[in-house]
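Here is a short walk through one protein and what sits around it. Keep the picture open while you read, and look up each spot as it comes along.

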Amino acid sequence: MPGGAMAGPGGAVRGRFAVVGGGIAGVTCAEKLAAEFPSEDIFLVTASPVIKAVTNFKQVSKTLEEFDVEEQPSSLLEKRYPNIRVIQSGVKQLKSDEHKIYTEDGKEYIYEKLCLCAGAKPKLIVEGNPYVLGIRDTDSAQAFQKNLAQAERIVVVGNGGIALELVYEVQGCEVIWAIKDKAIGNTFFDAGAAEFLLPKLTAESQESPIECKRTKYTTSGRKKKDITPASDKLGSALGPDWHEGLHLKGTKEFSHKVHIEILCEVKKILLQQEFIQLQQTSLTFPKGEKNVEADEVLWPVYVELTNGKIYGCNFIVSATGVVPNVEPFLDGNNFAVGEDGGLKVDKHMHTSLPDVFAAGDICTAAWEPSPVWHQMRLWTQARQMGWYAAKCMAAEALGESIDMDFSFELFAHITKFFNYKVVVLGKYNAQGLGSEHELMLRCTKGHEYVKVVMQNGRMMGAVLIGETDLEETFENLILNQMDLSAYGEDLLNPDIDIEDYFD
Ligand SMILES: Cc1cc2nc3c(=O)[nH]c(=O)nc-3n(C[C@H](O)[C@H](O)[C@H](O)COP(=O)(O)OP(=O)(O)OC[C@H]3O[C@@H](n4cnc5c(N)ncnc54)[C@H](O)[C@@H]3O)c2cc1C
Ligand SMILES: NC(=O)C1=CN([C@@H]2O[C@H](COP(=O)(O)OP(=O)(O)OC[C@H]3O[C@@H](n4cnc5c(N)ncnc54)[C@H](OP(=O)(O)O)[C@@H]3O)[C@@H](O)[C@H]2O)C=CC1
């Protein structure tokens, strides 16, 4: 047993390194620290009874990576790294000026260097309404599944990753999908890609979601009693294929039935009784193509959209993004926070306070990024940041210098939507490029969609849907910023083997 930890003043336990959070960022950070300092105890303080471990890591290309994520009991992590001590208790308070953390179970820990990896929580359209569900961790996903099993119609609000996955995965239940934008999937796609994907959702499609054969999300050695986290708000985030193994089926026999309401937001949520009163008192009750008047049943809850339509449903899923988990345990510390509420970190994952680092969903990258990288709260970035934060902590502790990790050179994400492989690279939606850019497209209906974003003859980003086999070549072209003007449209000519072109 390594001998780093010892009792400090007032019964506090002293250790050189502490990490808060048992999600991908925190566990990766603790593992890397444990490997770098085998004779030190590394404290991993986490509110969740299980931790998330990266397994089967595969570097697909220079920056694209795939891995499986396993929910494991913390004892497995301690077995792999005997110098990691998992403390299963929420952090109640951080006193950064004293280098101390206080946990819910009444203990105190003194650290030399700390990394905060407490993740994020769903940003719901309304808090405290029992008919509005968010999906973040295993418990909230199970609550969703349970409610869905009794449901005939749900309203999904939001147009990002979770909404995209849900509308495709849910079967036997009508879905009203309310989006702010003109086209689906605004966080990942433009209107062209959305058009390509849409046929997969067309009314009452008979196609069942196909089992995903990619990244796996599994639980290992987890006992039944482990399933409920200590606090209902503090489980770690789900990730790729979280829906696998969950039976996402409503009460009806059809497969998909998705109705999309574009360019609208939720104006009001009405309980059944409030809705009945509104109907009785209002002379100007809004009429729409599919408002409640067409329904014969009374629903438990009603959603009034800003386009005037009202939909009754069993419940509402708010898939409207996340907010970093900084309250209440960080209150009283003077952290600089970003516009999105995350702890600002510099290029060494350092927050604005001495000896406190942060990684994963809780942080906001506040360094000057590479022109083709941006932060997105994703599993891959949580892993990369956790790993790099540990390297930075080690370098600082040893008085060494460190260069920015290569993974922050290029934004690269590989995932699956509507059972298509999706790769997004660089400024795939021309984010921040203004009007000075061009798009090139290649699309074969039902097969592939390829879009590249060009600026001054250089490739700045790409969206690849389907088995395009172009990711490595395009990754290289974005990274090396070669002038491609001479190639023109040949870049996407399917008759030219582009890989040979640039070898
Ligand atoms: C439904 C869903 C699907 C997703 N799908 C994908 C996907 O396909 N691909 C992808 O790349 N990303 C996906 N993501 C995003 C990805 O899961 C997250 O970006 C990533 O897991 C964040 O990891 P993290 O370690 O920063 O935070 P988390 O996983 O949220 O971990 C935070 C940890 O901190 C602990 N904690 C919180 N507060 C305290 C406290 N006060 N004291 C002690 N411990 C505390 C929690 O218990 C938890 O262990 C998905 C997210 C969701 C919700
Ligand atoms: N396969 C993958 O890679 C997946 C990744 N994830 C990740 O998990 C996290 C959580 O996912 P998710 O919740 O979908 O978050 P996202 O950030 O992906 O998407 C949130 C969506 O909700 C919209 N929105 C925000 N506020 C409102 C509002 N008040 N009313 C209506 N719409 C609103 C946003 O629009 P706008 O952008 O205009 O604000 C955006 O379309 C994200 O970090 C996501 O990247 C999740 C699932 C799958």
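## Starting at a strand

Valine 13 counts as buried, since its relative accessibility is 19% and the cut-off for buried is under 20%. Keep in mind that everything here comes from a predicted model. You'll find valine 13 in strand β2, which covers residues 13-20. Now look for glutamate 108: it is 95 residues away from valine 13 along the chain, yet the two C-alpha atoms are separated by 6.3 Å.

Two other buried strand residues can be looked at in the same way. Isoleucine 310 belongs to strand β18, residues 310-313. With a relative accessibility of 1%, isoleucine 310 is counted as buried. Its partner to look for is lysine 268, 42 residues off in sequence and 9.3 Å off in space, going from C-alpha to C-alpha. Then there is glutamate 448 in strand β27. Glutamate 448 is buried too, with a relative accessible area of 7%. Between the C-alpha atoms of glutamate 448 and glycine 466 there are 4.6 Å, while 18 residues separate the pair along the chain.

## What the record says

The unreviewed UniProt entry carries the annotation "domain: FAD/NAD(P)-binding", and it covers residues 17-197 and 290-386. Take residues 17-197 by themselves: 26% of that span is helix and 36% is strand, and its end C-alpha atoms lie 46 Å apart.

## Two helices

Is helix α7 largely enclosed by the rest of the structure, or largely open? Of its 20 residues, 15 are buried, so α7 is largely enclosed by the rest of the structure. The helix runs over residues 379-398. From its first C-alpha to its last it reaches 29 Å, close to the 28 Å you'd expect at 1.5 Å a residue. Right after α7 comes glycine 399, with a positive phi near 70 degrees.

Helix α8 takes up residues 471-480, and its buried residues are Glu471, Thr473, Phe474, Glu475, Leu477 and Ile478. As you read along that list, one general point helps: an α-helix has 3.6 residues a turn, so residues three or four places apart point the same way. After α8 you meet glutamine 481, where phi is positive and near 50 degrees.

One of the buried residues of α8, Glu475, has a partner in a loop. The side chain of serine 61 makes a polar contact with the side chain of glutamate 475, at 2.9 Å. Serine 61 sits in the loop between β4 (50-59) and β5 (65-73). Serine 61 counts as buried as well, with a relative accessibility of 7%.

## Around ligand 2

Which residues are closest to ligand 2? They are Ile162, Asn186, Arg377, His413 and Thr415, out of 23 residues that surround the ligand. Sorted by kind, the shell holds eight nonpolar, ten polar and five charged residues. Here are three side chains that have a polar atom by the ligand:

| Residue | Ligand 2 atom | Distance |
|---|---|---|
| Glutamate 165 | nitrogen | 3.4 Å |
| Histidine 413 | oxygen | 2.7 Å |
| Threonine 415 | nitrogen | 2.7 Å |

On its own, ligand 2 exposes 900 Å², and the protein buries 77% of that. The elements that give two or more residues to this shell are α4 (161-169) and β24 (412-417).

## Odd spots in the loops

Finally, have a look at some backbone angles. Histidine 99 isn't a glycine, yet it has a positive phi of about 55 degrees. Its place is the loop between β7 (91-95) and β8 (100-103). Asparagine 456, not a glycine either, has a positive phi of about 50 degrees. You'll see asparagine 456 in the loop between β27 (448-455) and β28 (458-465).

Is asparagine 456 buried or exposed? It is exposed, because its relative accessible area is 65% and exposed means over 50%.

Last stop: which kind of peptide bond leads from glutamate 327 to proline 328? That bond is cis, with omega near -10 degrees. Proline 328 lies in the loop between β20 (322-324) and β21 (343-345).

Technical notes: Residues are numbered from 1 along each chain as its sequence is written. Chains are lettered from A and ligands numbered from 1 in the order in which they are written. This is a predicted model: local features need pLDDT of at least 70, side-chain atom pairs count only at pLDDT 80 or more; totals for chains, interfaces and linings use all residues. Side-chain values use heavy atoms; hydrogens and water are left out. UniProt positions are given in the numbering used here, feature names are shortened, and annotations may be inferred rather than shown by experiment. Helices (H or I, at least four residues) and strands (E, at least two) are DSSP runs, numbered from the N terminus. The expected span of a helix is 1.5 Å times one less than its number of residues. Buried means under 20% relative accessible area, exposed over 50%, partly exposed in between (1.4 Å probe, protein chains only). A residue is near a molecule or strand if one of its heavy atoms lies within 4 Å of it. A polar contact is a pair of N or O atoms within 3.5 Å; within protein, one must be able to donate a hydrogen and the other to accept it, and residues adjacent in sequence count only if both atoms are side-chain atoms. Accessible areas come from the Shrake-Rupley method with a 1.4 Å probe; for residues, only the protein chains shown count as cover. Ala, Val, Leu, Ile, Met, Phe, Trp, Tyr, Cys and Pro count as nonpolar, Asp, Glu, Lys and Arg as charged, and the others, Gly among them, as polar.
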